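Colleague: I have a predicted model open and would like a close look at a single part of it. Could you walk me through one residue and its surroundings, and then move outward from there?

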Amino acid sequence: MSAVPDKVESAGPGVIADLRSDTLTRPTEAMRQAMAWAEVGDDVYAEDPTVLALQRQVADLLGHEDALFTPTGSMANQLGVRLHVAPGQELVTDDLAHVLRAEMGAAAVLSGISARSYPTVGGLLDVDAAMTLAVTDGGAYQVGTSCVVVENTHNFGGGTVQPLESMQELHRRAHERGMAVHLDGARLWNAHVATGVPLADYAACADTVSVCLSKGLGAPVGSLLVGSADRMAEARVWRKRFGGGMRQVGILAAAGRYALEHQLERLAEDHARCQQVAQAVVAVRPDAVDPTAVHTNILVLQVAPAGWTGADFIAAAGERGVLGYATGPGSVRFVWHLDVDDAQTDHAAAVLGELLSSRD
């Protein structure tokens, strides 16, 4: 096997800073070795020892009884909401939530679940808005709300970290009205590293939690759903029904175990590089971003005030070697990850600053 570098080569002439998503990470040589030598079994029979160890590890980290390995974060989320919401009932979340915007209508298509949303600023949880929107006494006249979904960190909100106090209040008030809470924690690791709040404290605010291994942690694939043992037993049935039953999947679980043990704390480097670029941008275009709202590894820029559409800005940045994603008509997103180094970050800062000041 040819050697695979633990990091991409440093930036130089013709540099490319690929900031489209932190899903772009590539397994390191050490991670590949862990995968190659993983002990495996049949996971449909719950006999893959590496999967069982990963599930136990993540359940313990998040303070829940059990966990279930899934191929994708979308499947983990869809299993979570299916456990709480029967066909014909609804979930409530914010209007930027991944479970609504980026999971291809799966809750409706696969589970017959309705959804309603409240407007959010920067993805921040609004407990009062969620509770006002929820209907738990509609009888035979209105669709009943049985689950509230919260996302932490919030992807389309710009990597926003939800305040622990807000999450705790949501959990308390939802339970008082007989509703469950599902936490889309695809980047919960980032929230933990950014704030120091224990993972279990965040996870205690929800009945089920999804976490992803294939974003900032750098595994090639995989997510987990955590919750009670009874719920995870039911989720295992639904995983098979959704087509997610896997066999010798310990090869993938081994990557997740390696990532948790070796690549969790380094998320702070991504946060620092993202903040560096936010500060560089605001120096030339103060209305493009508020650096105090850049909490983790995701930078969302408002480019319309500088005379750009989101699509045109991304095209121009791409021509200069900085790849990103247009999140709206006048907004763009850049995401830091372990395959982006200091030199690439410096290049991104220079290019984005140049473009934002070029039309003044």
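Modeller: Happy to. Let's start with aspartate 184 and what touches it: setting aside neighbours within four places in sequence, aspartate 184 is in contact with Asn77, His98, Val150, Glu151, Asn152 and Ser210. The residue belongs to strand β6, which covers residues 180-185. Is aspartate 184 buried or exposed? With a relative accessible area of 4%, aspartate 184 counts as buried, because the cut-off for that word is under 20%.

Now follow the contact with Ser210, since Ser210 sits in β7. Strands β6 and β7 pair in the parallel sense, over 4 bridges. One place to see the pairing is histidine 182, which stands opposite threonine 208 in β7. There is also a link to valine 211: its C-alpha atom and that of aspartate 184 are separated by 7.0 Å, although the two residues are 27 apart along the chain.

β7 deserves a moment of its own. How many of the residues of β7 are buried? The count is 5 of the 5, so β7 is largely enclosed by the rest of the structure. In a regular strand, side chains alternate between the two faces of the sheet. For β7, Thr208, Ser210 and Cys212 are on one side, Val209 and Val211 are on the other, and both faces are covered. Beyond β7 comes strand β8, residues 223-227. These two strands run antiparallel and are joined by 4 bridges. Valine 211, which we met a moment ago, has leucine 224 in β8 as its bridge partner.

From here you can step into a pocket. β7 (208-212) supplies at least two residues of the lining of the second largest pocket, and α3 (73-84) does too. The space in this pocket is about 210 Å³. Its lining has 21 residues, and those nearest the centre are Gly73, Ser74, His98, Cys212 and Lys215. His98 is also one of the contacts of aspartate 184, while Cys212 is on the β7 face that holds Thr208 and Ser210. By class, the lining divides into 5 nonpolar, 11 polar and 5 charged residues.

The largest pocket is worth setting beside that one. About 430 Å³ of space lies in the largest pocket. Of the 22 residues that line the largest pocket, Gly122, Gly157, Gly158, Val300 and Gln302 lie nearest its centre. The lining here has 11 nonpolar, 9 polar and 2 charged residues. Which strand gives the most to this lining? That is β9, with 4 residues.

β9 then leads us to another sheet. β9, β12 and β11 form an open sheet of 3 strands, in that order, with antiparallel pairing. β9 (298-302) and β11 (325-328) are the edge strands, each pairing on one side only. On average, neighbouring strands of this sheet are turned by 30 degrees against each other, direction ignored. Looking at one pair, β11 meets strand β12 (residues 331-335) in the antiparallel sense over 3 bridges, and tyrosine 325 stands opposite arginine 333 in β12. To finish the view, look for helix α13, residues 310-319: this helix lies across β11 and β12 and runs at about 40 degrees to β12.

Notes:
Residues are numbered from 1 along each chain as its sequence is written. This is a predicted model: local features need pLDDT of at least 70, side-chain atom pairs count only at pLDDT 80 or more; totals for chains, interfaces and linings use all residues. Side-chain values use heavy atoms; hydrogens and water are left out. Two strands pair if DSSP finds at least two bridges between them. Axes are lines fitted to C-alpha atoms, for helices over the stretch in contact, and angles run from 0 to 180 degrees between N-to-C directions. Contact means heavy atoms within 4.5 Å. On a 1 Å grid over the protein atoms alone, a cavity is a set of points where a 1.4 Å probe fits but cannot get out, and a pocket is an open set with protein on both sides within 12 Å along at least five of seven lines; lining residues have an atom within 4 Å of a point. Grid points are joined across faces, edges and corners, and a volume is the space filled by probe spheres set on the points. Ala, Val, Leu, Ile, Met, Phe, Trp, Tyr, Cys and Pro count as nonpolar, Asp, Glu, Lys and Arg as charged, and the others, Gly among them, as polar. Buried means under 20% relative accessible area, exposed over 50%, partly exposed in between (1.4 Å probe, protein chains only).
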